[in-house]
Amino acid sequence: MSEIVEGEPIHVGGRELVPLVRVTSRVRRQAFVGSDGVGAQGWGFVRLQPVAIVERSEAGECRFPIQDRTAQTLGGLLLAALVIPLLLALAVRLARKA
Amino acid sequence: MEAEVQTLLDALADLREKANVNTCFGEPVTIEGRTVIPVARVAYGFGLGVGRGTMTEEGAEQKEEAAEEAAEGAVEGTGGGGGGGVAAHPFAVVEVTPEGTQVKPIIDEQKVALAGVLLIGWTVFCLARTLVKIFGRQE
């Protein structure tokens, strides 16, 4: 389950900054009852990732996205790792034709 | 025991509702007219288990220590365990100045450097294999 939630406003120098956070969570619970025993088990996790911060002032409202530069950089490197073998295979094919 | 089981199930159900969104944004720090707000990505998780069981005579016969007790009646046991963890990683910095507000992302240089080294190794491997295919065939 994932949704974007507004946090408590942060007041700085006459401006109000409202954080927007994506909350991803998953919970599993299980209980069992038998003739010889009773028990329960469960697990859960919550992930909070900042998405943007909204500035509200007298001039109006402005949204500033917060991007995950690390994930973007790693994604670019992964894309390069996938493209490089394709380019080299193309070079081999051209070399064979020549 | 049933009350403890219900308490455990209720605690897990409240996990999402108790998550504090403002955990991601730290206390603003103001220096020379500029205010800086640290932003982090936070994740936490845990697992729990609890149980109570009764050993039957058949089960006890396999264990010499509990054989005598099992002969008198049922042997009960209760157990439980759990574990959890929290992780917080720097994500960005929000800078508020009289001119305006800026968001400056933070890059995890260690991860990027490691990925870069792996990419270089992968590229060298692919290049070597390509050269073998090209020049190996010509020979």
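User: Happy to dig in with you! What makes Val94(B) count as being in contact with other residues, and which are they, leaving aside its neighbours within four places in sequence?

Analyst: Good place to start. In this predicted model, Val94(B) is in contact with Ile53(A), Ile37(B), Val39(B), Thr101(B) and Val103(B), leaving aside neighbours within four places in sequence. The test is that C-beta atoms, placed from the backbone, lie within 7 Å.

User: What makes a set of residues a nonpolar core here, and which residues have the most contacts inside the largest one?

Analyst: The members must be buried residues of the listed nonpolar kinds, joined through C-beta atoms within 7 Å. The largest such core has 16 residues, and Cys24(B), Val39(B) and Val94(B) have the most contacts inside it. Strand 3 (15–34) and strand 4 of chain A, along with strand 2 and strand 3 of chain B, each supply at least two residues of this core. Its largest share, four residues, comes from strand 3 of chain B.

User: Why is strand 4 of chain B said to lie largely in the open?

Analyst: A residue is buried if 20 or more other C-beta atoms lie within 10 Å of its own. Strand 4 of chain B has six residues and the number buried is zero, so this strand lies largely in the open. For the chain as a whole, buried residues make up 12% of the 139 residues in chain B.

User: How do you know that strand 3 and strand 4 of chain B pair?

Analyst: Pairing asks for at least two bridges. Six bridges join strand 3 of chain B to strand 4 of chain B, therefore they pair, and they run antiparallel. One of the bridge partners is Gly100(B), which is matched with Thr97(B). The two strands form a hairpin with two residues between them.

User: What makes strand 4 of chain A and strand 2 of chain B a pair?

Analyst: The same cut-off of at least two bridges applies. Here 12 bridges join strand 4 (residues 37–57) of chain A to strand 2 of chain B, therefore they count as paired, and they run antiparallel. Among the partners, Phe45(A) is matched with Gly45(B).

User: How many residues of each chain are in contact with the other, and which element of chain B gives the most?

Analyst: There are 55 residues of chain B in contact with 47 residues of chain A. Strand 2 of chain B gives the most to the side that touches chain A, with 17 residues. The residues on that side of chain B divide into 34 nonpolar, 14 polar and seven charged.

Note on methods:
Residues numbered from 1 in each chain as written. Chains lettered and ligands numbered in written order. Predicted model: local features only at pLDDT ≥ 70, side-chain atom pairs only at ≥ 80, totals over all residues. Contact = placed C-beta atoms within 7 Å. Nonpolar A, V, L, I, M, F, W, Y, C, P; charged D, E, K, R; others polar.
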